[in-house]
Amino acid sequence: MHSMLRLVQAGLGFSILPWSAIYDLVGERVHARKIVSPEIFRKVCVVTKISRARTPATAKVLETIYDCVADVHREGRWKGELLI
């Protein structure tokens, strides 16, 4: 994604990226337009192996991921629907 943004900033092309990847660049270095039709969406999932016991370290990593996602959503930097 970083390479793609550099190419766009250099005027060498266009890209479709999530808002979270460009929100701090819009207006300064890039122009962005929301695609409304057709609607574009994606699911982001945390996946763990069922047969493996959850260690305290794994639980902490998952908690940190959930907290970070909630923070960027609350701050408006991620426009997706929060399902956790």
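The accessible surface of the protein adds up to about 7,600 Å², and carbon and sulfur atoms account for 58% of that area. This comes from a predicted model, so the numbers here are all computed from it. Very little of the chain is tucked away by the burial cut-off: of the 84 residues, 7% count as buried.

The secondary structure is quick to list, with 3 helices and 0 strands. Going along the sequence, the pattern reads α-α-α. The radius of gyration is 17 Å, well over the 12 Å that the globule rule gives for 84 residues, so the protein is more spread out than a compact globule. The box that holds the C-alpha atoms, taken along the principal axes, is roughly 50 × 25 × 25 Å. As for contacts between residues at least 6 apart in sequence, 18% of them link residues at least 24 apart.

What sits inside? The largest nonpolar core is made up of 5 residues, namely Leu5, Ala21, Ile22, Leu25 and Val30. Leucine 25 is a handy member to look at: once residues up to four places away in sequence are set aside, Leu5, Gln9 and Val30 are the ones it touches. Two of these names, Leu5 and Val30, also turn up in the core list.

Between helix H2 (19-22) and helix H3 (56-74) runs a loop, and valine 46 is found there. With a relative accessibility of 40%, valine 46 falls in the partly exposed class, because that class covers values from 20% up to 50%. Valine 46 also helps build a nonpolar patch on the surface, together with Val61, Ile65 and Tyr66, and the patch spans about 320 Å². Proline 38 has its place in the loop between H2 and H3 too. The peptide bond leading into proline 38 from serine 37 is cis, with omega near 0°.

Helix H3 is where the salt bridges come in, and the count for the protein is 2. One of them pairs glutamate 63 with lysine 60, with the closest N and O atoms 3.6 Å apart. Both residues lie in helix H3, 3 residues apart, or about one turn of the helix. Glutamate 63 is partly exposed at 40% relative accessible area, and lysine 60 is partly exposed as well, at 47%.

The other bridge joins the side chains of arginine 74 and aspartate 71, with 2.3 Å from N to O. The spacing follows a familiar pattern: arginine 74 and aspartate 71 are separated by about one helical turn, because they are 3 residues apart in helix H3. Here the two partners fall into separate classes. Arginine 74 counts as exposed, since its relative accessibility is 62% and the exposed class starts over 50%. Aspartate 71, with a relative accessible area of 30%, is partly exposed.

Valine 72 is another resident of helix H3, and its relative accessible area of 23% makes it partly exposed. Leaving out neighbours within four places in sequence, valine 72 is in contact with Arg77 and Trp78. There is also a long stretch of chain to consider: valine 72 and serine 20 are 52 residues apart along the sequence, yet their C-alpha atoms are separated by 8.4 Å.

Notes:
Residues numbered from 1 in each chain as written. Predicted model: local features only at pLDDT ≥ 70, side-chain atom pairs only at ≥ 80, totals over all residues. Heavy atoms only, no water. Patch = residues over 30% accessible without salt bridge, like charges linked within 9 Å, V, L, I, M, F, W, Y side chains within 5 Å. Areas by Shrake-Rupley, 256 points an atom, 1.4 Å probe, with all protein chains shown as cover. Salt bridge = Lys/Arg side-chain N within 4 Å of Asp/Glu carboxyl O. Helix = DSSP H or I, 4+ residues; strand = E, 2+ residues; numbered from the N terminus. Buried < 20%, exposed > 50% of the residue type's maximum accessible area, 1.4 Å probe, protein only. Core = buried A, V, L, I, M, F, W, Y, C linked by side-chain atoms within 4.5 Å. Contact = heavy atoms within 4.5 Å. Rg over C-alpha atoms; globule rule 2.2 N^0.38 Å.
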